Amino acid sequence: MANVIVVGAQWGDEGKGKITDLLSNSADMVVRYQGGVNAGHTVVVKDQTFKLHLIPSGILYPDTECIIGCGTVIDPKVLLGELDQLRELGISTANLLISETAHVTMPYHRLIDQASEERRGEHKIGTTGRGIGPTYADKSERTGIRMIDLMDADSLRKRLRWTVDYKNVILEKLYNLPPLDPQAVIEEYLAYAERLRPHVIDSSLRIYDAIQRKRNILFEGAQGTLLDLDHGTYPYVTSSNPVAGGACVGTGVGPTMIDRVIGVAKAYTTRVGEGPFPTELHGEVGEMLCDRGAEFGTTTGRRRRCGWFDAVIGRYAVRINGLDCLAITKLDVLDELDEIKVCVAYEVKNERRHDFPSNSRTFAHCQPIYKTVPGWKQSTADCRALEDLPQQALDYLKLLAELMEVPIAIVSLGASRDQTIIVEDPIHGPKRALLYSNGTTAAEIPSQTIEV
């Protein structure tokens, strides 16, 4: 039995969807613990591509129970759209369950989010405009609507009449927008409630019962460590806690029940939206990474900013999340490069520093200090074991493990499930890894195989 958290170790978009989907084959339950429709997980199975925003990636396995935890915020319209799409593709959604205490994104949240971002002007933070921040704000202000409220028609009518009138004042007076019709909003969301009712449960109790029965549980986060509200590059962050600690709060599970935390990081670095990005590349190499890596947001379609791997933020992610192993994704994107750079430290005001600065103004002035290594100049897309990789690719992975001070358990070499090297199964396998502290090299460790 193992209860494993999968967390992004960069600015999100690391490939958590594929890793979660891969590990879901060994899991009895997959639980999404934070974020909303601002997240986007892409999973490729054979010739089909699934783009999920709210539903956990484990939905593609019919015997895996999937839960949307209380730490998420749910847009019912988007959720129902995902359910319909999956059913049309022949995927059963009977195993999807939703926390009754998860908060609901309403139409006024989306309008306020978009209008607020526009008013920020040059100070915009790069929000997706999907209403996530305002939904979490109402949660903190204790005026939010929860799924349990959605299930009670009389209570919902009373609460929404007052709430919509209150939000209309903000829409009209602050943003000069037309008001919403309270009755239309009520009827729309009552209809959503009836369709979602069979899925809504006390999810914390369900998860606890599964733990007591020694089931394998996978906790899936959205976004990444550097977008965490408390630990990210504030204010250019999301509105929740993607870090591993958020899994406990966002699902109602105690920290002593977690066995492992696996971090997901690309073999390079990307970022969407505004904010400092020390290793960002603006020239030909950056364009190549974007094109070869298909770096366009699943949710917004925005082009991702690309740069070299940053081991400083990597070590920070290890510390903040308590990572005990890594999944490195998109190694194949680097196949054509003559040389590859890795940021090993920063220079700030003529001082060298190896730690991530909490002050965003300081971070904005960090200049990367690079270590340059040779590329391998050959395709890795068909490699299925460590011994299949070119020596320079193995050396690169070893370097990342050394710099991050955490072993690598999984290497992804493409979007499909089978384009993966499993060095260690984080759910069932022993705590072996790509790089041991005693200096064992990758070539000396036989690859494991799990059915994918």
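This is a short talk on some strands, helices and aromatic pairs in one structure.

Hi everyone, and thanks for coming. Please keep in mind that we are looking at a predicted model.

Let's start with the sheet. It is an open sheet of 10 strands, and the order runs S9-S7-S5-S2-S10-S1-S11-S15-S19-S20, with mixed pairing. The edges are strand S9, residues 200-201, and S20, each of which pairs on one side only. Within that order, take strand S11, residues 260-266, and strand S15, residues 325-329: these two pair in the parallel sense over five bridges. If you want a spot to click on, lysine 266 stands opposite threonine 329 in S15.

While we are at this sheet, look at the loop between strand S19 (408-412) and strand S20 (420-422), where you will find serine 416. Is serine 416 buried or exposed? Its relative accessible area is 18%, so serine 416 is buried. Setting aside residues up to four places away in sequence, serine 416 touches Lys18 and Val44.

Next, strand S16, residues 339-348. Seven of its 10 residues are buried, so S16 is largely enclosed by the rest of the structure. Which strands does S16 pair with? I'll go through three pairings. With strand S14, residues 309-310, the pairing is parallel, over two bridges, and here aspartate 310 stands opposite cysteine 343 in S16. With strand S18, residues 367-374, the sense is antiparallel, over eight bridges; lysine 341 has threonine 372 of S18 as its bridge partner. With strand S17, residues 351-353, the sense is again antiparallel, over three bridges, and tyrosine 346 stands opposite arginine 353 in S17. S16 and S17 make a hairpin with two residues between the strands, and lysine 349 there takes a positive phi near 55 degrees.

As a bit of background, strands of a sheet pair through backbone hydrogen bonds, and they can do so in a parallel or an antiparallel way.

Now for the helices. Helix H8 covers residues 203-212, and its buried residues are Ser203, Ile207, Ala210 and Ile211. Where do these sit around the helix? Looking down the axis of H8, the buried residues fall within an arc of 100 degrees, so they line one face of the helix. The cover over them includes strands S1 (3-8), S2 (29-32), S5 (65-68), S7 (96-99), S9 and S10 (217-220). You met those strands a moment ago in the sheet order. At the N-terminal end, aspartate 202 caps H8, with a side-chain oxygen 3.4 Å from the backbone nitrogen of serine 204. After H8 comes lysine 214, with a positive phi near 65 degrees.

Helix H6, residues 153-174, has 22 residues. From its first C-alpha to its last it reaches 30 Å, close to the 32 Å expected at 1.5 Å a residue. Its buried residues are Leu156, Leu160, Thr163, Val164, Lys167, Asn168 and Leu171. And what covers them? Other helices are part of the answer, including H3 (107-120), H4 (132-141), H5 (147-150) and H7 (182-196). At the start of H6, aspartate 152 brings a side-chain oxygen to within 3.4 Å of the backbone nitrogen of aspartate 154. Following H6 is asparagine 176, whose phi is positive, near 55 degrees.

Last topic: aromatic rings. Searching the whole structure gives eight aromatic pairs. In one of them, the rings of tryptophan 162 and tyrosine 166 have centres 5.3 Å apart and planes at 10 degrees, so this pair is stacked. Both residues lie in helix H6, four residues apart, which is about one turn of the helix. Tryptophan 162 counts as exposed at 52% relative accessibility, and tyrosine 166 as partly exposed at 33%.

Another pair is tryptophan 376 with tyrosine 396, which is tilted: 5.9 Å centre to centre, with 50 degrees between the planes. Tryptophan 376 is in the loop between S18 and helix H13 (391-404), while tyrosine 396 is in helix H13, so the pair ties together parts that are 20 residues apart in sequence. Tryptophan 376 counts as buried at 4% relative accessibility, and tyrosine 396 counts as buried at 2%.

To finish, ring pairs link Trp11, Phe277, Tyr316, Tyr346, Phe356 and Phe363 into a cluster. You have seen one of these already: tyrosine 346 is the residue opposite arginine 353 in S17. Thanks for listening!

Note on methods. Residues numbered from 1 in each chain as written. Predicted model: local features only at pLDDT ≥ 70, side-chain atom pairs only at ≥ 80, totals over all residues. Heavy atoms only, no water. Buried < 20%, exposed > 50% of the residue type's maximum accessible area, 1.4 Å probe, protein only. Contact = heavy atoms within 4.5 Å. Pairing = 2+ DSSP bridges. Arc of directions from axis to C-beta. Polar contact = N/O pair within 3.5 Å; in protein donor to acceptor, adjacent residues only side chain to side chain. Expected span 1.5 Å × (residues − 1). Phe/Tyr/Trp six-rings, centres within 6.5 Å; stacked < 30°, edge-to-face > 60°.
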